[in-house]
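Welcome to this tour. Open your viewer, get ready to select residues by number, and follow along one stop at a time.

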Amino acid sequence: IFPRVRRLSTRVQDKVSILLTLLSFCEMTTTLMHSVRWVGELSTSTASSSSSARRSSLKSSSTYVSSARTMTTTELSPSTRRRKKFHSKEHLCSEAVKEPSSDVSASFDELDPEQHIFKSADDEEQACTIQELMVPVAQDLDEMTANLKNVIGRKNPLLIAAADQIFGAGGKRLRPVLVLLVARATAALMKLPDINAKHRRIAEITEMLHTASLVHDDVLDECDVRRGSTTINCLYGTRVAVLAGDFLFAQSSWGLAQLENLEVIKLISQVIADFADGEISQATALFNTNITFEDYNIKSHQKTGSLIAASCKSAAVFSDVPLDVKDDMYAYGKHLGLAFQIVDDILDFTQTEEQLGKPPGQDLATGNLTAPTLFALQADDRLKGLIETRFKDPKDLESALKIVEEKGIEKAMTMAKQEGDKARTALSKLPDSPSKRSLDSMITYVLMRIN
């Protein structure tokens, strides 16, 4: 009887440990999200004295572009061609409400297959879209999308309309795609007949966490449009947006408890802490020209790479792979996430307003110094003064954007490619399979978004 008692005691201790970790996770989530909101408000208040100058700079830039449109395309410089008119927040919101986009899920996905197609320099017939990379897990994604859409509306009638906006229509869902691809690739390594229910659950949890973070980000930033589509905050108000984000965080924590795996609970709990730390770091470092590339990499990992890395490793955990393969999957997600963030920061300078869904150069205009700006700061001392005076003169922002485009973009592209190479190396222990090939192609896809 004593061996049975000991085994029972061990199981009880494991359950208690999981519940305590989960409780700590939930308390930490609530506390940190309130901290983020407070820091965001503090940052907004601190920057209010210079907000009029920045708005004047943006308006001046728009006027500059408008007058330049009378020139022929061949007469315009690349930087001038990228500038588009900056619409007011009120105009964007009212127009979006009157005519909501049919592709509502684009608000919560960074990848647009119509705009981002990578092509081989040698053979354009090798063009590949995100849909093709998703082929090995297409059926898994259909099931996941149906489950996610029911999660909110079934339990919360107040959020039914928001559920359609968040999880409706065919989004690309990069993060769960990666989770399911890693699940199938590591299952092939362990010769498993198929992925299991826990693989599918961690994909759902990953998408809920990512979406919740975006919904809350839009509230903090008072953002009305994301990637060309209207945000929950704009359509249904702050109350519904905060409730939707909070519910998704709570639902993801419940899903974690159901997995009953302490290693995965710790991994995903760290992601929540990283979300908050990343937002606080960004809010307290606006217009700070002394930040280093180490600071930038840490913030980028916290805001983007952490969730991808943790979810990829979690998928490997449920395939019961060796420790070194788990670590490799974490490294793959981490470096792919960093590459993705760097590319996103580059696109903020190089794409048009139609492609971005927001005015180009918005990061720099609001004092968020990203990789291209940090490289440009090293190359041109004039930029430091423009940033530290917060673009007081109406022409300062235009001058700063030109400096970054000329002296920061190429080096940032090289940095992104280096992160991509590190991600590709992390796949070396996986056997050849359609899922591994898609994971490899995903790196190329992310990098070629620059083009």
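Start by selecting F293 and F375. Are they buried or exposed? Both of these residues are buried. Keep in mind as you look around that the model is predicted.

Stay with these two rings for a moment. The chain has two aromatic pairs in the count, and F293 with F375 is one that is tilted, with the ring centres 4.5 Å apart and 45° between the planes. Tilted is the right word because 45° falls between the limits of under 30 degrees for stacked and over 60 for edge-to-face. Now colour the helices that hold the two residues: F293 sits in helix 11 (residues 293-317), and F375 sits in helix 15. The pair joins distant parts of the chain, since its members are 82 residues apart.

Next, keep helix 15 (residues 371-379) in view and add helix 12 (residues 323-350). Their axes lie 8 Å apart and the helices pack at an angle of about 75°, so helix 12 and helix 15 are roughly perpendicular to each other. Which residues meet here? From helix 12, show I342, D345, I346 and F349; from helix 15, show A371, P372 and T373. Sorted by class, this contact has five nonpolar residues, one polar and one charged.

Now go back to helix 11 and pick out H301, which is located there. Its relative accessibility is 15%, which is why H301 counts as buried; the cut-off for buried is under 20%. What does H301 touch, if you leave out residues up to four places away in sequence? Select D274, S306, A309, Y330, K334 and L338 to see these contacts.

For the next stop, hide what you have and show helix 8 (residues 197-220) together with helix 10 (residues 262-283). The two axes come within 12 Å and cross at roughly 15°. Helix 8 and helix 10 are therefore roughly parallel to each other, and their crossing is right-handed. To see the contact itself, display I202, I205, L209, S213 and D217 on helix 8, then V264, I268, I272, F275 and E279 on helix 10. These residues of the contact divide into seven nonpolar, one polar and two charged.

Time to visit two loops. A little background first: most residues other than glycine have a negative phi. Select K191, in the loop between helix 7 (174-189) and helix 8. Phi of K191 is near 60°, a positive value in a residue other than glycine. With a relative accessibility of 74%, K191 counts as exposed.

Then move to R390, in the loop between helix 16 (382-388) and helix 17 (396-407). What is its phi? The value for R390 is near 55°, again positive in a residue that is not glycine. R390 counts as partly exposed because its relative accessibility is 22%.

Finally, zoom out to the whole chain. How many helices and strands does it have? The secondary structure comes to 19 helices and two strands. Of the 451 residues in the chain, 53% are buried. Among the contacts with a separation of 6 or more, 78% are between residues 24 or more positions apart. For one last look, return to F293 and F375, the pair linking distant parts of the chain.

Notes
Residues numbered from 1 in each chain as written. Predicted model: local features only at pLDDT ≥ 70, side-chain atom pairs only at ≥ 80, totals over all residues. Heavy atoms only, no water. Axes fitted to C-alpha atoms, helices over the stretch in contact; angles between N-to-C directions. Helix = DSSP H or I, 4+ residues; strand = E, 2+ residues; numbered from the N terminus. Parallel < 35°, antiparallel > 145°, perpendicular 65-115°, else oblique. Left-handed = near helix turned anticlockwise from the far one by under 90°. Contact = heavy atoms within 4.5 Å. Nonpolar A, V, L, I, M, F, W, Y, C, P; charged D, E, K, R; others polar. Phe/Tyr/Trp six-rings, centres within 6.5 Å; stacked < 30°, edge-to-face > 60°. Buried < 20%, exposed > 50% of the residue type's maximum accessible area, 1.4 Å probe, protein only.
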